[in-house]
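Okay, thanks for making time, everyone. I'd like to walk you through one model, so let me put the sequence and structure up first.

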Amino acid sequence: MTDTTPVTAPPYADVVDLERYPIHELDSARGRALVDACRADLAETGVCNLEDFITAEAVDAMVHLAGTRGGDAWASDRLHTIYFTPVDKSVPAEHPRAYQVRSAKRGIAYDQIPKDAPLRRLYESDDLTHFIAAVLEKPVLYRSADKLDALQVTAFQPGEELGWHFDNSEFSMTVMYQQAEAGGDFEYVPGLRSEEDENHDGVQQVLQGDRSAIKVLPSAPGTLAFFRGEHALHRVTPIEGGRPRINSVLTYGERPDMRLSDLTSEIFYGRTSS
Ligand SMILES: [Fe+2]
């Protein structure tokens, strides 16, 4: 007898290059090899860059969406410390605990992204969540429960930027749709601090312009990137030219009830989800 079980294509089959990245078959030899390769990259460099993960058609659709929904985007432009903590007034202004950077960007919230948008269909699939959990070696991972922040489309317009910072979360996942004509580089300094050592002197040198340890993350359209940003100082340099830099951040947590605080939600989306 032959197996007549119908093979249904995953609902994101048009979004991901499944030949190259078989996230729907993680138990297959090819699926396991993909996870192993990503783990090795992350362990070695703190970064795993999966180029052409998203199909060109899906990238085009997301760029188009950013253009048509751009009017709904919330523009935030603010100063903050690299730790997202209040300015420490007990140290000199150039000290990392007092130094302020600027972040300016436009955010299209999860509830403004149509249900059939390519990245929304992919984000809402358990296959992607399982793949990311496998790469990060987490027994279980949950999509964010935040109605605004779980998945967003971020556009950096000319002159906008993301200031130097360390992430509060262990890792982040981004998908790139469109690069700026110039500028808009994702720069990072791996291993600049550790659990044991904040390395304020080394951090201050980078903030004062020392570029000797800076790396640039390649971010071609269609790339899914894993990034460990807890110990790596990182930023997006100011956008130059006329074209916005557009990407998405995919948010996950190890608890099922992860949401932004009302204050953070007001800053990034101009409203709260409750
Ligand atoms: Fe970050």
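**A walk from the N-terminal segment to the metal**

Let's begin with valine 16, which sits in the segment before helix 1. One thing to say up front: this is a predicted model, so please listen with that in mind.

So, is valine 16 buried or exposed? Its relative accessibility is 2%, and because the cut-off for buried is under 20%, valine 16 counts as buried. Who's around it? Setting aside the neighbours within four places in sequence, valine 16 touches Tyr21, Ile23, Phe53, Thr55 and Leu122. There's also a C-alpha distance you might want: valine 16 to alanine 56 is 9.4 Å, with their positions 40 residues apart along the chain.

Next up, aspartate 60. You'll find aspartate 60 in helix 2, residues 56-68. Here the relative accessibility is 52%, and since exposed means over 50%, aspartate 60 counts as exposed. Aspartate 60 also has a partner far along the sequence: glycine 222 is 162 residues away in the chain, yet the two C-alpha atoms are 9.5 Å apart.

Now the helix packing. How do helix 1 and helix 4 cross? Helix 1 covers residues 29-45 and helix 4 covers residues 126-136; their axes come within 8 Å and cross at roughly 50 degrees. That angle is why helix 1 is called oblique to helix 4. As for handedness, helix 1 passes helix 4 in a right-handed crossing. On the helix 1 side, the contact uses Leu34, Val35, Cys38, Arg39 and Leu42; helix 4 brings Phe131, Ala134, Val135 and Leu136. Sort the residues of that contact by class and you get eight nonpolar, no polar and one charged.

Last stop, the metal. Which residues coordinate the iron ion? The donors are His165 through NE2, Asp167 through OD and His234 through NE2, at 2.1 to 2.2 Å. If you like motifs, the spacing of the donor residues in sequence reads H-x1-D-x66-H. The two histidines link distant parts of the chain: histidine 165 belongs to strand 6, residues 162-165, while histidine 234 belongs to strand 12, residues 233-236, and they are 69 residues apart. Buried or exposed, those two histidines? Histidine 165 and histidine 234 are both buried.

That's my tour. Happy to rotate the view if anyone wants another look.

Terms used:
Residues are numbered from 1 along each chain as its sequence is written. This is a predicted model: local features need pLDDT of at least 70, side-chain atom pairs count only at pLDDT 80 or more; totals for chains, interfaces and linings use all residues. Side-chain values use heavy atoms; hydrogens and water are left out. Donors are N, O and S atoms within 2.8 Å of the metal (3.2 Å for Na, K and Ca); water is not among the atoms, so sites may look incomplete. Helices (H or I, at least four residues) and strands (E, at least two) are DSSP runs, numbered from the N terminus. Buried means under 20% relative accessible area, exposed over 50%, partly exposed in between (1.4 Å probe, protein chains only). Axes are lines fitted to C-alpha atoms, for helices over the stretch in contact, and angles run from 0 to 180 degrees between N-to-C directions. Angles under 35 degrees count as roughly parallel, over 145 as roughly antiparallel, 65 to 115 as roughly perpendicular and the rest as oblique. A crossing is left-handed if the near helix is turned anticlockwise from the far one by less than a right angle, and right-handed if clockwise. Contact means heavy atoms within 4.5 Å. Ala, Val, Leu, Ile, Met, Phe, Trp, Tyr, Cys and Pro count as nonpolar, Asp, Glu, Lys and Arg as charged, and the others, Gly among them, as polar.
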